[in-house]
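This report covers one mixed sheet and two helix pairs. The sequence and structure come first.

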Amino acid sequence: MRLMNEILENRMLARWGELLPRAPGQVGGLHETDAELVDLGDGRLLALKVDAVIEEVTSGLYKDPRTVGRVAAASTLSDLAAVGADVLGVLLCATLPLVRRGEIQAAVAAGVRETLDPAGVFVLGGDTNDGDHLALAVCAAGLVPRNRLITRVGARPGDSVFASGPLGAGGALGASVMMGLGGVREEQYRPVARLREGRLLRGVASCCMDTSDGFVATADQLARINEVGFRIERSCAELLHPLATQLGAATGLPAFAFLASYHGEFELVFTVPPARIAMLEQRARELAWQPLRVGVVTAEPGLRFGNVEIDAAALRNAFELSAGDVRQYVDTLLSVTVP
């Protein structure tokens, strides 16, 4: 628990756990799953998750309501993907400004559908409110076979570490907008809900978590909760999404900064024991999917890129400690040198 409490966000979540009682039928402890799980008593678990897009709007990171809809839906579905759920549907809670209300509503709906339609997921209902600024929360529900549950717990030394796809697209948009660099447009940032891949990982992955807060935060959180180490064996450049690669080439920003950014891309990071690698490869071929092997789980705690140990707590806490000072936050990311 000491390792978990080094992260300021973990302390805040633990405080909620102290203030609010946990349901008797809830499966998994605090921090242990991407979605909340309730045992239905028939061999299935009800998976629930809610996520909101608010500060991304008020900070100016997202200006297009389509982006708000697209990302809010992807954020919630990604958490259900990380537990291997079959999605039942989603609910929306939208706060719409009175000015240009109809236009904004239509754009939000279009963005939501850009994420939901390819996944075959529908909006079941929701709630609408008036407000000064656009805000959108999406709640998703799904079902998971009790004996095929994937959680954040289970990684063991020797397991391989994978990502479901290229990383750093969220960091590229964040740098482009918040640092005023340009080069990446909102419409280019299109996270994919990895629901098929999450279901494929049932019985294969030893643990899984999505990269909503970026790759470094995800890998570090999994290492902490499993009391193991993650050693990333590929170079940072090899892990990058093309948007991040292009922005890095144009601006000189190092590849690691995109991976360490707090604004993620909703890929899945998961571990697979050696005995199940062949099963992963076979199932991935059936989906025409190429998961990216990024490293290995080690007995020695910590997060390492090659032989370089990362002070992940300093990086993960930097956003909150900067109190909105983008330059200070960026300087912290750039202070780390990784090959």
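The text below goes through the sheet, its central pairings and then the helix contacts of this predicted model.

**The sheet**

Seven strands form an open sheet in the order S8-S10-S7-S11-S9-S12-S13, and their pairing is mixed. S8 and S13 (308-310) each have a single partner strand and stand at the edges, so one side of each has no neighbour in the sheet. On average, and with direction ignored, neighbouring strands are turned by 25 degrees against each other.

Strands pair through backbone hydrogen bonds, in either a parallel or an antiparallel manner. Both kinds occur among the pairings listed here.

| Strand pair | Bridges and direction |
|---|---|
| S7 (residues 160-163) and S10 | Four bridges, antiparallel |
| S8 (residues 207-210) and S10 | Four bridges, antiparallel |
| S9 (residues 229-232) and S12 (residues 302-305) | Four bridges, parallel |

Single residue pairs help to fix the register. Val161 lies opposite Thr271 of S10, and Met209 has Val269 of S10 as its bridge partner. In the parallel pair, Ile232 is bridged to Phe305 in S12.

**Strand S10**

How many of the five residues of S10 (residues 268-272) are buried? Five of the five are, so the strand is largely enclosed by the rest of the structure. In a regular strand, side chains alternate between the two faces of the sheet. For S10, Leu268, Phe270 and Val272 are on one side, with Val269 and Thr271 on the other. Both faces are covered, since every one of these residues is buried. Two of them were named above as bridge positions: Thr271, which stands opposite Val161, and Val269, the partner of Met209.

**Helix H6 and its neighbours**

Two packed helices are described by the angle between their axes and by the distance between those axes. For H6 (residues 169-178) and H10 (residues 242-251), the axes come within 7 Å and cross at roughly 40 degrees. That angle makes H6 oblique to H10. The crossing is left-handed. On the H6 side the contact is made by Ala169, Ala172, Ala175 and Ser176, and on the H10 side by Leu243, Ala244 and Leu247. By class, this contact has six nonpolar residues, one polar residue and no charged residues.

An α-helix has 3.6 residues a turn, so residues three or four places apart point the same way. The H6 contact residues include Ala169, Ala172 and Ala175.

H6 is mostly covered, with eight of its ten residues buried. The buried residues are Ala169, Gly170, Gly171, Ala172, Leu173, Gly174, Ala175 and Ser176. They pack against H10 and also against helix H11 (255-260). After H6 comes Gly180, with a positive phi near 70 degrees.

**Helices H8 and H13**

At what angle do H8 (residues 215-226) and H13 (residues 312-321) pack? The angle is about 125 degrees, and the axes are 10 Å apart. This makes H8 oblique to H13, and H8 passes H13 in a left-handed crossing. From H8, the residues that meet H13 are Val216, Ala217, Asp220, Gln221 and Arg224. Their counterparts in H13 are Ala312, Ala313, Leu315 and Arg316. By class, the contact has five nonpolar, one polar and three charged residues, whereas the contact of H6 with H10 has no charged residues.

Notes
Residues are numbered from 1 along each chain as its sequence is written. This is a predicted model: local features need pLDDT of at least 70, side-chain atom pairs count only at pLDDT 80 or more; totals for chains, interfaces and linings use all residues. Side-chain values use heavy atoms; hydrogens and water are left out. Axes are lines fitted to C-alpha atoms, for helices over the stretch in contact, and angles run from 0 to 180 degrees between N-to-C directions. Helices (H or I, at least four residues) and strands (E, at least two) are DSSP runs, numbered from the N terminus. Angles under 35 degrees count as roughly parallel, over 145 as roughly antiparallel, 65 to 115 as roughly perpendicular and the rest as oblique. A crossing is left-handed if the near helix is turned anticlockwise from the far one by less than a right angle, and right-handed if clockwise. Contact means heavy atoms within 4.5 Å. Ala, Val, Leu, Ile, Met, Phe, Trp, Tyr, Cys and Pro count as nonpolar, Asp, Glu, Lys and Arg as charged, and the others, Gly among them, as polar. Buried means under 20% relative accessible area, exposed over 50%, partly exposed in between (1.4 Å probe, protein chains only). Two strands pair if DSSP finds at least two bridges between them.
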